[in-house]
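I opened this entry to keep a record of what I looked up in the structure, beginning with one residue and its surroundings and then working outward.

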Amino acid sequence: MFRSVFLAAAGSSRLGRLVSSASLSKNVAHRFVAGDDVEAALVAARELADDGLAVTVDHLAPETTTADQARATRDEYVTLLGRLKTAGLTPAAEVSVKLSALGQRLDEKLAYDHALAVCAAAAEAGTSVTLDAEDHTSTDSTLEILSDLRKEYPSTGAVLQAYLRRTEGDCRELATAGSRVRLCKGAYPEPESVAFTDALDIDKSFVRCLNILMSGEGYPMVATHDPRLIAIAEDRARWFDRASDEFEFQMLYAMRVEEQARLAANGNIVRVYLPYGTEWYGYLLRRLAERPSTAVRFARRVPKKG
Ligand SMILES: Cc1cc2nc3c(=O)[nH]c(=O)nc-3n(C[C@H](O)[C@H](O)[C@H](O)COP(=O)(O)OP(=O)(O)OC[C@H]3O[C@@H](n4cnc5c(N)ncnc54)[C@H](O)[C@@H]3O)c2cc1C
């Protein structure tokens, strides 16, 4: 029940303004987000790098409804990539980009052009871009743009969501040499017609997809905090004889920090998804949908006013 309430709220911009101004949500958000600006992202990225972790930095952009906003998001990423390079954080730090923030819903060509500029800035900085996956109505468009970007920038990463029924097929298509593919469960509210909605079915799909990616020729990026799936991924890496630099684990900033350290200490590449920016509302609610206990825990800690 909590999950659907949080996910519905994540899609409401009016509720977003209300929640963003509440001190409780700010307190919770600041646990999961590096801070408001590039400076904060650089500080957090440096700390993670010092701990031996790789990073993918995500700028939490507002819902893009105008070409100006899309351009501003592109410029933010170009600046971010320049700063990551100057700080000596590349290639360990890459960036994650949502095409919707680059104007995908306004004009796909515009989003492609902006994504191309971000990929060019990433190449200049000696690193790569990964295109986040959003709701299923954008999947075809995102994969088409990915395929076009890869013609010039083959290291551009894809994200596939195990809860979508189509994803096993997409894994087969994308498990090719040099193809970086992040596999996650999926974080958006989706209908039965396109997605598995039962947790066990999603896990089974995740494992089928993992088998395809681990046995394929690409570079799997296993994005989960789920202990069972992490153990299965470790097992598959051994089974398919993958060296530790031939796949990686990914987790969200501030989630299962000890597990991140354990995996890294065992010689694995562990990449932390590091969001920053003032528009943390949708991100926060997707995290709370996954773990409502977080909201309850933080609500108890934050002192009441007055
Ligand atoms: C790096 C990264 C990038 C992502 N990118 C995208 C994207 O582009 N598009 C998208 O739709 N989604 C994305 N996601 C979100 C993803 O789809 C899931 O919604 C999210 O990761 C929760 O699923 P889970 O696999 O971590 O396990 P869950 O199903 O949330 O949890 C399974 C089990 O794992 C354990 N667990 C989980 N979290 C914790 C915790 N914090 N502490 C202790 N135990 C815990 C618990 O035992 C829990 O029962 C991304 C996730 C990651 C990690």
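**Entry 1, Val95.** I am working from a predicted model, and I began by listing what Val95 touches once residues up to four places away in sequence are set aside. The list holds Thr56 and Val57, then Tyr77, Leu80, Leu81 and Leu84, then Val118, and finally Ser128, Val129 and Thr130.

**Entry 2, the cores.** I next looked up the largest nonpolar core, which has 79 residues, and found that Leu84 and Val95 are those with the most contacts inside it. Helix α6, spanning residues 108–125, gives the most to this core, with eight residues. Apart from it I noted another core of seven residues, including Ala187, Tyr188, Phe196 and Ile202.

**Entry 3, Thr73.** I then turned to Thr73, whose place is in helix α5, residues 67–86. Is Thr73 buried or exposed? Thr73 counts as buried because its relative accessibility is 3%, and the cut-off for that class is under 20%. Leaving aside neighbours within four places in sequence, I found Thr73 in contact with His59 and Ala61, and also with Ala101 and Leu102.

**Entry 4, Gln250.** I located Gln250 in strand β7, which runs over residues 248–252. With a relative accessible area of 4%, Gln250 is buried as well. Which side chain makes a polar contact with the side chain of Gln250? I found that of Glu248, at 2.7 Å. Not counting residues up to four places away in sequence, Gln250 touches Met221, Val222, Ala223 and Thr224, together with Arg182 and Arg271. I also checked Leu183, which is 67 residues from Gln250 along the chain, and the C-alpha atoms of the two are separated by 9.3 Å.

**Entry 5, the whole chain.** For the overall picture I recorded 13 helices and eight strands, and buried residues making up 53% of the 306 residues in the chain. Among contacts with a separation of 6 or more, 74% are accounted for by residues 24 or more positions apart. The accessible surface comes to about 14200 Å², and carbon and sulfur atoms hold 53% of that surface.

**Entry 6, confidence.** Last, I checked how far the model can be read: the mean pLDDT of the chain is 91, and 87% of its residues reach 70 or more. Over residues 302–306, however, pLDDT stays under 50, and the model has three contacts beyond four places in sequence for that stretch. Where pLDDT is low, the predicted coordinates should not be read in detail.

Key: Residues are numbered from 1 along each chain as its sequence is written. This is a predicted model: local features need pLDDT of at least 70, side-chain atom pairs count only at pLDDT 80 or more; totals for chains, interfaces and linings use all residues. Side-chain values use heavy atoms; hydrogens and water are left out. pLDDT is the predictor's confidence in each residue, from 0 to 100. Contact means heavy atoms within 4.5 Å. Helices (H or I, at least four residues) and strands (E, at least two) are DSSP runs, numbered from the N terminus. Buried means under 20% relative accessible area, exposed over 50%, partly exposed in between (1.4 Å probe, protein chains only). Accessible areas come from the Shrake-Rupley method with a 1.4 Å probe; for residues, only the protein chains shown count as cover. A nonpolar core is a set of buried Ala, Val, Leu, Ile, Met, Phe, Trp, Tyr and Cys residues joined through side-chain atoms within 4.5 Å. A polar contact is a pair of N or O atoms within 3.5 Å; within protein, one must be able to donate a hydrogen and the other to accept it, and residues adjacent in sequence count only if both atoms are side-chain atoms.
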